[in-house]
Every structure is written in C-alpha cells, then in structure tokens.
Amino acid sequence: MTVMSADAETVQRFYAAVAARDFATMESCFAPDAVWHMPGKSPIAGDHHGWPAIRDGFLAKLGPLSGQTFRAELLDVAVGQDFVVAVQHATAAYQGRRLDVTGCQLMRLEEGRIAEVRGHYSDQHALDAFWETE
C-alpha cells in the first residue's frame, strides 16, 4: 500500500469536521468497517468497530463529557509509506478538570478513507482522568 497526498487531505478534512462537530463529514472520512483503538480506562476508551460505534462510543461523547469545550487542533500530518500520522493538541476544561495533551493518531487509510486509528497520547493518565465522569 502506498499513502497518497489525498489521504493526508482526508485526515485534514476529518479534523476540520471534528472542530465543526460535523458528523456527516466525519462519516465520509471513514470506511464503513473502520476501527478506532482508543487506549485507556475512560468512558471513551476501547476498540470502536464500524462508524456507528466510532460515532456513538467515542466522537459523540467528546462534547457532552467536556461541556462542549473539547478541541483537537491538528498540528501536523506525517505521510509515510503505509500510514498517516496526525499530530494533535487536545484541550478541554470542564467542572474543574483540565485536559492539555499532545496526541498522535496512527492512521491506516484504504481507498481514501480512514480504515484504522490507533491513538497515542503524551499523558495517558491525564487523558483518562479528564474523561472520567465519577
């Protein structure tokens, strides 16, 4: 597999859609059977299989669990032979909790759509602590 510049554009389009909370555009960036591996022990952690699970088990929770303050700023996109890496800065502040972590999303694309994502974060403990609701 060879990653194309169009794949990087798909990743950029996805991050723009996250910022706009545009779920229709987010969906258009994913393969129907995509998987998002979110590490940790928080309410958004786990392996989310397929767009409905990615949307409902992960992306749709970001706003409500953060008081609509969650932001993921795309800092850079690195294109390799087989993968795209999205470097992001994630922030939020809600109910006395603050989130400020850098993350790398290792993405595999197929036919211009995101097929798999593996999240890696600068401070997994802080990420889990922010999303914990109890």
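Two strands count as paired if DSSP finds at least two bridges between them. Keep that in mind for these exercises on a predicted model.

**Exercise 1.** Find out which strand E5 is joined to by 8 bridges, and what stands opposite Leu109.

*Solution.* Start with the bridges: 8 of them join E5, residues 97–110, to E6, residues 113–121. These two strands run antiparallel. Now pick out Leu109: its opposite number is Ile114 in E6.

**Exercise 2.** Work out the strand order of the sheet and say which strands stand at its edges.

*Solution.* Read across the open sheet and you get E2-E1-E6-E5-E4-E3, 6 strands with mixed pairing. Next, look at the two ends: E2 (46–49) and E3 (71–79) each have a single partner strand, so one side of each has no neighbour in the sheet. As for twist, neighbouring strands are turned by 15° against each other on average, direction ignored.

**Exercise 3.** Place helices H3 and H4 against the strands.

*Solution.* Take H3 (residues 51–65) to begin with: it lies across E1, E2, E4 and E5, at about 55° to E1. Then turn to H4 (residues 124–131), which packs on the sheet and touches E1, E4, E5 and E6. The direction of H4 makes about 110° with that of E5.

**Exercise 4.** Name the residues that touch the most other members of the largest nonpolar core, then list contacts of Phe30.

*Solution.* The core has 36 residues, and Phe14, Phe30, Leu99 and Trp131 touch the most other members. Elements giving two or more residues to this core include H1 (5–20), H3 and H4. Finally, leaving out residues up to four places away in sequence, Phe30 touches several residues, among them Phe14, Trp51 and Ile114.

Methods. Residues numbered from 1 in each chain as written. Predicted model: local features only at pLDDT ≥ 70, side-chain atom pairs only at ≥ 80, totals over all residues. Heavy atoms only, no water. Helix = DSSP H or I, 4+ residues; strand = E, 2+ residues; numbered from the N terminus. Axes fitted to C-alpha atoms, helices over the stretch in contact; angles between N-to-C directions. Contact = heavy atoms within 4.5 Å. Core = buried A, V, L, I, M, F, W, Y, C linked by side-chain atoms within 4.5 Å. Buried < 20%, exposed > 50% of the residue type's maximum accessible area, 1.4 Å probe, protein only.
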